[in-house]
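Welcome! Please take a moment to turn the model around on your screen, and then we can walk through it together.

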Amino acid sequence: MSKARVLYWFRTDLRLHDSPALAAALALQPSVLYPIWCWDSHYVYHSRVGPNRWQFLLDCLEDVSSSLTTLNPASKLLVLREPAVTLLPKLFKEWGITHLVFEKDTDSYAQARDKEVVASARQCGVEVVVGPQSRTLWDSEDVVKANGGKPTMSITQLQAAGKKVGPIPRPIEAPTSLSGPGETGLAGISQTRPVVEEGVGDINAKYRSSSETSYTSGLAGPNNDFSIPTLEELGMPPATTTIRGGESVILSRLSRILADEEEWAATFEKPKTSPAAFEPQSTFLTSPYLHFGALSARYFYHSVEDIVEKRRAEKKAVSTPPVSLTGQLLFRDMYFAAQSAIGYPFGQTYNNAHCRFIPWHLPSKVDTTTGLVTGGYEVDSAVKEQEFIRWREGRTGFPWIDAIMRQLKYEGWIHHLARHAVACFLTRGGCYISWERGAEVFEEWLVDHEAACNIGNWQWLSCTAFYSMFYRCYSPVAFGKKWDDNGTYIRKYCPELRHLPKKYIYEPHKAPLKDQREAGVMIKGDGTEADFNGIPVYPKPMFDFATQRDICLEGMKNAFKVGLHGDHAKVLDGTWKELFADGGEGPTEGGVGGPGGMGGFGGEDREDHEEPAAGVTPKRSSGRSKASTAPESAKKGGRKREHSQGTLDGAFVKKAKS
DNA sequence: GGTTAGGTTGGTCTA
DNA sequence: TTAGACCAACCTAAC
């Protein structure tokens, strides 16, 4: 046994199986091993995380902790209630740490944080061991290198680059024994309580039903036992989702499925799985486990691929990428590598060379000094703001769309094709609203929110990157009908419609009053009233879809013809407006106003942590301002917001130390 | 370099 | 019921 006193820092790897970083820690043959989790304020205050994803994370932490205890009754996950950057230097000294071990993370936020941590470890004479990245099949930086330094913008590029990087590493076994921690006293150090960043604010406040107290009881929590904070301590209401996290949950489910339903797993074709299926859903639902590292992507890949190979040898049918299960993991790697290459601008249109510029409504506000979005958006049209709120809250008057959005809010998960349907509807195939608005809503509500995949898929569906066939448009009626003619899914998530005849379930406004009466529902209004004299009300469609689709198609055709990308000089300085006709779709008023979201529309601004007042019509702009052409941010001085790049640790980067 | 085929997963009509 | 043609027309990679 060596003298190594090792701090193992869990981050995006909440598991014991197939963890090369954990294996690296154990290879040091530590005399003591402290498994820790730093309770980071970026996740607590500065990310968009609703109760469902919080619950999932807490589940994963609990599960890892009990697995550690199973290996060594003296061990468990030590949750320390302070961000790593300030905590770790103190901890190194207090516990006499000789080695810090953690897994490499290619997220922009994580890289900046880790750089700071590594520097402080060196100062303390602590040796740092960074384990290989295992969140993805291949290391994202290696993929980018193999792709000529360019982001992977298609699945063929990813596959070619992956081939060059080499075979996907086989999973490694979970440890069978573990050193316990040494002394865990904290008498010599005090907690540096994180503060809510000025100007950024407490993004998560809107989900809380009471005040947040996870930091108030000191570094080791209320019982001084390094407990995992609870939703109550976070001030969060209970989760509504039935999806529960944890490595053991997914490993047992996966082994059962792969054993009992081998054929299904080996012949899986994503486009043939129904977005309308629930209880059970038609896909594996591994995404949230992959996100928190409760399931290793490589373990999943090889588990499936072994079965596929076996069936190939037996000359049985198998599916192949991109539609197969492993194909889904390849897309995930594609988005991670694209994000790794592009960095912070990946999450926005502005200043992003790989994102097509389209003059969407409700554009993000931007800060021209940092080149980053600020976190707010500009209401260029009161009508579009209302459409956005109705989309978000699931009362557009299109039951297929509303059912999906309600399932998303309640369960924190929707099928991939359902994501396509609502994303297309919000952007190029319906509302012509910025994909960045939609991505933010998904970020809040998805239990499987993965910044790279979410951003990438929103760009895909809005035809701003990765995909461009905008004339392939999802119908909010026909697409759902194809999968679920009877509307069972709609009846589940829009229960006020459950007694409507099949004939009207996708278009309730076409139901005669007699049918509405018999079904016990009234189709009227804009969704602001839930009932009328005790009878449930479901809204009329918020627009005529066919008309709106044509408007969008024209807008897209024109925007593609203009052909700007997010890094074009005319986008950066706002003069793109000269290239779009005033009568065209989107916030185009000739030369008036800044770039998308720099002010000048005369509309109302929104910060992303403001809850749009549901059902309240925002004040209408009284004629758009023709006076101001100066960017708002130039006057106010923008604040730095680095969007959606920290997967576990928040969407915001600390302000530079002054 | 010009041409062509392919692109994760659309909608509608007809045979 | 299902398979194929057509819609209108994008980009990129491969030849």
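## A small sheet to start with

Let us begin with a pair of strands: β8 and strand β10 (residues 535-538) run in the parallel sense and are joined over two bridges. To find this pairing on your screen, look for Met-522, which stands opposite Val-537 in β10. As a general background, strands of a sheet pair through backbone hydrogen bonds, and they can do so in a parallel or an antiparallel way.

Which strands make up the open sheet, and in what order? There are three, arranged β8-β10-β9, and their pairing is mixed. Because β8 (522-523) and β9 (531-532) stand at the edges with a single partner strand each, one side of each has no neighbour in the sheet.

## The protein as a whole

This is a predicted model, so please read every value below as computed from it. Chain A has 658 residues, and 61% of them are buried. Its secondary structure comes to 24 helices and 11 strands.

Chain A has an accessible surface of about 24700 Å², and carbon and sulfur atoms account for 54% of that surface. There is also something to learn from contacts between residues at least 6 apart in sequence: in chain A, 76% of these join residues at least 24 apart.

## A covered helix

Is helix α16 mostly covered or mostly uncovered? This helix, residues 416-426, is mostly covered, with 10 of its 11 residues buried. Among the buried ones are Leu-417, Arg-419, His-420, Cys-424 and Phe-425.

What covers the buried residues of α16? The cover includes α14 (382-393), α15 (399-411) and α17 (435-445), along with α18 (451-461), α19 (478-483) and α22 (545-562). Keep α16 and α19 in mind for the next stop.

## Around DNA strand B

How many residues surround DNA strand B? There are 19, and the closest are Pro-271, His-416, His-420, Trp-460 and Ser-475. Sorted by type, the residues of this surface are 11 nonpolar, five polar and three charged. Of the strand B atoms within 4 Å of the protein, 33% belong to sugar or phosphate, while the rest belong to bases.

Now for some individual contacts. A base oxygen of DNA strand B lies 2.6 Å from a backbone N or O atom of Pro-271. The side chain of His-416 has an N or O atom 3.1 Å from a base oxygen of this strand. At Phe-479, a backbone N or O atom is 3.4 Å from a phosphate oxygen of DNA strand B. The elements that give two or more residues to the surface near this strand are α13 (325-342), α16 and α19. Of these, α19 gives the most, with three residues.

## Around DNA strand C

Which residues surround DNA strand C? They are Gln-157, Arg-356, Ser-468, Met-469, Phe-470, Tyr-471, Lys-557 and Phe-560. By type, this surface has four nonpolar, two polar and two charged residues. For DNA strand C, 52% of the atoms within 4 Å of the protein belong to sugar or phosphate, and the rest belong to bases.

Three contacts involve different parts of the DNA. An N or O atom in the side chain of Gln-157 is 2.7 Å from a phosphate oxygen of DNA strand C. Ser-468 has a polar side-chain atom 3.1 Å from a sugar or linking oxygen of the strand. Finally, the side chain of Tyr-471 places an N or O atom 3.4 Å from a base nitrogen of DNA strand C.

Definitions and conventions: Residues are numbered from 1 along each chain as its sequence is written. Chains are lettered from A and ligands numbered from 1 in the order in which they are written. This is a predicted model: local features need pLDDT of at least 70, side-chain atom pairs count only at pLDDT 80 or more; totals for chains, interfaces and linings use all residues. Side-chain values use heavy atoms; hydrogens and water are left out. Helices (H or I, at least four residues) and strands (E, at least two) are DSSP runs, numbered from the N terminus. Buried means under 20% relative accessible area, exposed over 50%, partly exposed in between (1.4 Å probe, protein chains only). Contact means heavy atoms within 4.5 Å. Accessible areas come from the Shrake-Rupley method with a 1.4 Å probe; for residues, only the protein chains shown count as cover. A residue is near a molecule or strand if one of its heavy atoms lies within 4 Å of it. A polar contact is a pair of N or O atoms within 3.5 Å; within protein, one must be able to donate a hydrogen and the other to accept it, and residues adjacent in sequence count only if both atoms are side-chain atoms. Ala, Val, Leu, Ile, Met, Phe, Trp, Tyr, Cys and Pro count as nonpolar, Asp, Glu, Lys and Arg as charged, and the others, Gly among them, as polar. Two strands pair if DSSP finds at least two bridges between them.
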